[in-house]
Amino acid sequence: MPHETTTPILIVGAGPVGLALAGDLGWRGVDCLLIEESDGSIYQPRMDLVGIRTMEFCRRWGLVGAVEASPYPRDLPQDNVYVTSLAGWELGRERMATLDAAKPPPESPQRRERCPQNMFDPILRVFASAQKSVTLRYRTRLISFTQDAAGVTAEVEDASGPRERIRAQYLVGCDGGRSLVRETLGIGMVGTAALTYTTNVIFRCPGLVALHDKGRAYRFIILGPAGTWSTIVAINGTDQWRFSIIGGNEPREYSTGEIHALIRRAVGRDFDYEILTVMPWVRRELVAERYGEGRVYMAGDAVHMLSPTGAFGMNTGIQDAVDLSWKLAAVLQGFGGPHLLASYDAERRPIGHRNVREAAANFRRMTSPRPGPLILDPSAEGDAFRQKLGAEFSEIMRHEWFTLGVHLGYRYVDSPICWPDGTEPPPDEPNRYVPSACPGCRAPHVWLAHGRSTLDLFGKTFALLGFGAEASDVDALTAAARRRGVPLTFTAIDHAEAAALYRRKLVLVRPDGHVAWRGDRAPDDALAVIDRIRGAAQL
Ligand SMILES: Cc1cc2nc3c(=O)[nH]c(=O)nc-3n(C[C@H](O)[C@H](O)[C@H](O)COP(=O)(O)OP(=O)(O)OC[C@H]3O[C@@H](n4cnc5c(N)ncnc54)[C@H](O)[C@@H]3O)c2cc1C
């Protein structure tokens, strides 16, 4: 009989999403156990853009300083440069500020950051392990699990020893694209299984910048007669580069000789460098049919697999984690109703589809040009062609670089746990974000006194904001919350800009920072509202 451990929540997978989930649960004081089959080392960092919403979560977790202090060079221009090769013609360029110079936009207290996975995962790991109620176990693999009405029984294997049984009330699979959790539940994925078979090559070349005239930049996108065929990205800003051979929709293996020839073609000359790793991967456009079943939920790449064009993958997964975390906490702490956890799928799966679709559209835009031989023609005609192509391509690519709408504009307007007020939020546009406190939307940011953002009022409890509301209306809502054991903090805000943006005298914000309800007076039946937003009312 194997040894049995018990935990309220077993999380499988310590990628960024599992770590964020464990950290957020711990931050809420909820016990959980996170298991990870590897030792946590990252051999080929994938993500490097920490989106603005993720940075807002880092703000609440106290991690902004750690992200800003990561070794990624803050003086590296974040330009995207479109070229025929690094030493060849420059077709166009989107100039983007260095991390040091970039300012938060007016809509957020934070700005997006560049912090590659080999730097960001360790920050999340330190955060998660600093929480007293979180246990992290590396080199521990989920083998199988079964569930019944009361919980989940998982069999896990420690690299150093015997198998062990873990009994949990809930299991969350953050186990990535090859998710055993999803496979065991028999949940399929919908969409396109292979957009491209791409090969990433990390190479070391300390002197690369001196080999061409384009200067220091974050990313080069390389176009040839047949179209966009590769990219080179600065991994650490000094000596390591990620070369991506985009590939097509048929599997393709490259010999070492071919990889060398393609790197030289992309750089546009012969030079010395060292290949560190080669990682073939498949670009997908997939979303799971369901985000869980029974007492088992999934988050991150386990339920959505996106093209990296747009950098939405991890950021979408961390939003999943934040949505699921407060709901699990609410249920375990007793104030979450029987329908609360079902709202996770209802809220997050449509966002998975939205972001997967936008990422694939970015990919199609990036690979849309079919220049033909004129792109490499040294004549005046070739010059004119390159200029026109560069201008058109620069315009197309702005869709991918400026995506505040994707990161901040996601909303849960049809959620079973939000109370609609008859208003419509602004249109959901990828490149434009219009702040709105319409129920279901992210409660907007406004700077209050002393460097505090409205966002700093959200997180551990429900937050009731009052903009000149009557005391009796506030009391009706706080009393109803108290009767149902729902933790709620009231803050009176005397701030004209915030009042104009929130548009009602009372706005009730959920722990994840989305508006649950708003009105100028207390609702006629305050208990009904509280029961809806805590998932106790069957719709
Ligand atoms: C080239 C590239 C660039 C990208 N850039 C960005 C970007 O800039 N921004 C962005 O947001 N996203 C980006 N992404 C996507 C991002 O990397 C992923 O979305 C993100 O890593 C997913 O995190 P995750 O925690 O869900 O899964 P993973 O990172 O895949 O982690 C899953 C973990 O589960 C563990 N595991 C699996 N099975 C088991 C088991 N049975 N038992 C125990 N442990 C298990 C694995 O070892 C792994 O550590 C990029 C992707 C690529 C390919």
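A polar contact here is a pair of N or O atoms within 3.5 Å. With that cut-off in hand, the ligand site of this predicted model is a handy place to start. There are 27 residues around the ligand, and Glu36, Arg46, Leu49, Asp301 and Met314 come nearest. Arg46 has a polar side-chain atom sitting 2.9 Å from a ligand oxygen atom. For Glu36, the distance from a polar side-chain atom to an oxygen atom of the ligand is 2.6 Å. Asp301 joins in too, with a side-chain N or O atom 2.7 Å from an oxygen atom of the ligand.

Met314 leads on to the helices, as this residue, one of those that come nearest to the ligand, is also one of the helix 7 residues touching helix 1. Two packed helices are described by the angle between their axes and the distance between the axes. For helix 1 (residues 16-27) and helix 7 (residues 313-333), the axes come within 9 Å and cross at roughly 30 degrees. Angles under 35 degrees count as roughly parallel, so helix 1 runs roughly parallel to helix 7. The crossing of helix 1 past helix 7 is right-handed. On the helix 1 side, the contact is made by Pro16, Val17, Ala20, Leu21, Asp24 and Leu25, while helix 7 brings Met314, Gly317, Ile318, Ala321, Ser325, Leu328 and Ala329. Sorted by class, this contact has ten nonpolar, two polar and one charged residues.

Helix 7 also packs against helix 8 (residues 342-366), at an angle of about 175 degrees and with the axes 10 Å apart. Angles over 145 degrees count as roughly antiparallel, and helix 7 and helix 8 are therefore roughly antiparallel to each other. Helix 7 makes this contact through Thr316, Gln319, Asp320, Asp323, Leu324 and Lys327, and helix 8 through Ser343, Tyr344, Glu347, Arg348, Ile351 and Asn355. The class tally for helix 7 with helix 8 is three nonpolar, four polar and five charged residues.

Helix 8 in turn meets helix 9 (residues 380-401), with axes that come within 9 Å and cross at roughly 165 degrees. That angle makes helix 8 and helix 9 roughly antiparallel as well, and helix 8 passes helix 9 in a left-handed crossing. Asn362, Arg365 and Met366 of helix 8 touch Phe393, Ile396, Met397, His399 and Glu400 of helix 9. The contact of helix 8 with helix 9 splits into four nonpolar, two polar and two charged residues.

Note on methods:
Residues are numbered from 1 along each chain as its sequence is written. This is a predicted model: local features need pLDDT of at least 70, side-chain atom pairs count only at pLDDT 80 or more; totals for chains, interfaces and linings use all residues. Side-chain values use heavy atoms; hydrogens and water are left out. Axes are lines fitted to C-alpha atoms, for helices over the stretch in contact, and angles run from 0 to 180 degrees between N-to-C directions. Helices (H or I, at least four residues) and strands (E, at least two) are DSSP runs, numbered from the N terminus. Angles under 35 degrees count as roughly parallel, over 145 as roughly antiparallel, 65 to 115 as roughly perpendicular and the rest as oblique. A crossing is left-handed if the near helix is turned anticlockwise from the far one by less than a right angle, and right-handed if clockwise. Contact means heavy atoms within 4.5 Å. Ala, Val, Leu, Ile, Met, Phe, Trp, Tyr, Cys and Pro count as nonpolar, Asp, Glu, Lys and Arg as charged, and the others, Gly among them, as polar. A residue is near a molecule or strand if one of its heavy atoms lies within 4 Å of it. A polar contact is a pair of N or O atoms within 3.5 Å; within protein, one must be able to donate a hydrogen and the other to accept it, and residues adjacent in sequence count only if both atoms are side-chain atoms.
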